[in-house]
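This report examines charged side-chain pairs and one further residue in a protein chain. The reader is invited to look at the sequence and the structure before going on.

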Amino acid sequence: MTPDLRQLRYFVAVAEESSFTRAASRLMITQQSLSQQINALERILGAKLFNRDSRGTRLSDTGSLFLPEARAVLDRADEAVAVVRRAVRGETGRLRLAFLATTANHLLPPVVRAAREHLPGLELITEETSIAPLVDGVLSGEFDLAFTRPPQVPGLAARTIVTEQVCVVLPEGHPLADRTELTLAELAGERWVMTPRSSWEPWHRTFDENFRAAGFSPEIVARDASVQGLLGLVAAGVGITRLGWSAHNLRRTGVVFVPLAGEVTPTEMIWRPDNTSPALRRVIDVVTELAAATDLTTTG
């Protein structure tokens with residue numbers, strides 16, 4: 001038979017107090033119950049743990065050997081309980097975060113910084129990726145949480161954390177580059193560079209609707225899957241494109257960002273509703289608080 005934790009705690013209390021009376025008071029039990037448990041512990045171990053005489057209660061030689069071992073077991077048990085409680089509170093564990101490539105530059109640093117500050121025991125694994133693998137990764141469970149732009153697909157939970165101005169990106173020296181604002185309709189005669197339609201069909205359906213509402217179908221002369229590539233094509237004078245304001249951090253020369261009247265785009269956190277990870281809920285709350293207090297389009 002193996003002693004239980006309660007018996008070990010009782011033994012340590014008596015050893016530290018050198019008195020059954022004081023130990024019983026500390027443990028808030030009767031002295032009789034304490035004596036019974038110590039006697040049971042001694043029977044299990046087959047050894048006498050205490051010497052009692054007119055001078056009080058003292059550890060026997062065997063008890064002195066047993067005391068550090070009992071303390072170590074109790075400390076380890078307390079540590080195990082604390083680990084579980086931290087996990088239940090979402091303070092430990094591992095989360096995989098995915099960032100859409102167009103959001104990683106300005107979102108990844110403040111998000112990871114805030115999560116590490118509030119949840120230092122949580123391991124974060126981050127990945128920058130394009131939209132299709134990002135959504136597939138959240139649906140499959142490869143990613144716990146992702147930062148991206150809508151529209152997405154049904155079945156995912158989403159929370160908007162920032163809304164930013166949509167801009168037309170023009171090459172330096174373009175006749176419209178000195179305007180403080182433009183409408184999409186004013187750009188009907190321009191040549192455009194855009195991402196491949198296969199990169200994410202829901203986005204391109206939205207683009208089609210925007211252009212139809214502006215009264216034209218764009219002349220698309222080149223495509224590139226990356227924002228950096230699109231900015232490079234604009235700087236080279238190949239065509240113009242449309243991006244969120246935060247993309248201006250990716251290229252400071254050769255291009256001009258001009259706001260499009262009435263056009264904004266949100267950035268969202270997305271996750272599977274059936275993901276019950278306490279750590280996920282804590283990170284969602286941390287990022288929500290961060291977004292409420294910080295302009296995440298200008299951080300990084």
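The model shown is predicted. Arg197 has a relative accessible area of 32% and is therefore partly exposed, since the class of partly exposed residues lies between the limits of 20% and 50%. Its salt-bridge partner is Asp208, and the closest N and O atoms of this pair are 2.4 Å apart. Arg197 belongs to the loop between β7 (191-194) and α7 (201-214), whereas Asp208 belongs to helix α7, so the salt bridge ties together parts that are 11 residues apart in sequence. Asp208 also counts as partly exposed, because its relative accessibility is 25%.

Salt bridges that share partners can also form a network: Glu16, Glu17, Arg22, Arg26 and Arg71 are joined in this way. In general, side chains of opposite charge can pair when their charged atoms come close. In this model, the count of salt bridges comes to 14.

Two further salt bridges deserve a description. One of them joins the side chains of Glu123 and Arg94, with an N to O distance of 3.1 Å. This pair links distant parts of the chain, as Glu123 is in strand β4 (residues 122-129) and Arg94 is in strand β3 (residues 93-100), 29 residues apart.

Another salt bridge is formed by Glu164 and Arg149, whose closest N and O atoms are 3.1 Å apart. Here too, distant parts of the chain are linked: Glu164 lies in strand β6 (residues 157-171) and Arg149 in the loop between β5 (145-148) and β6, 15 residues apart.

The table gives the relative accessibility of the residues in these two pairs.

| Residue | Relative accessibility | Class |
|---|---|---|
| Glu123 | 38% | partly exposed |
| Arg94 | 54% | exposed |
| Glu164 | 3% | buried |
| Arg149 | 11% | buried |

Glu164 and Arg149 are classed as buried because values under 20% fall in that class. Arg94, at 54%, counts as exposed, because the limit for exposed residues is over 50%.

The report closes with a residue from another part of the chain. Is Ser35 buried or exposed? Ser35 has a relative accessible area of 16% and is therefore buried. Ser35 is part of helix α3, which spans residues 31-45. Leaving aside residues up to four places away in sequence, Ser35 touches Phe20 and Arg52. Between Ser35 and Val14 there is a separation of 21 residues in sequence, while their C-alpha atoms are 9.8 Å apart in space.

Definitions and conventions: Residues numbered from 1 in each chain as written. Predicted model: local features only at pLDDT ≥ 70, side-chain atom pairs only at ≥ 80, totals over all residues. Heavy atoms only, no water. Helix = DSSP H or I, 4+ residues; strand = E, 2+ residues; numbered from the N terminus. Buried < 20%, exposed > 50% of the residue type's maximum accessible area, 1.4 Å probe, protein only. Contact = heavy atoms within 4.5 Å. Salt bridge = Lys/Arg side-chain N within 4 Å of Asp/Glu carboxyl O.
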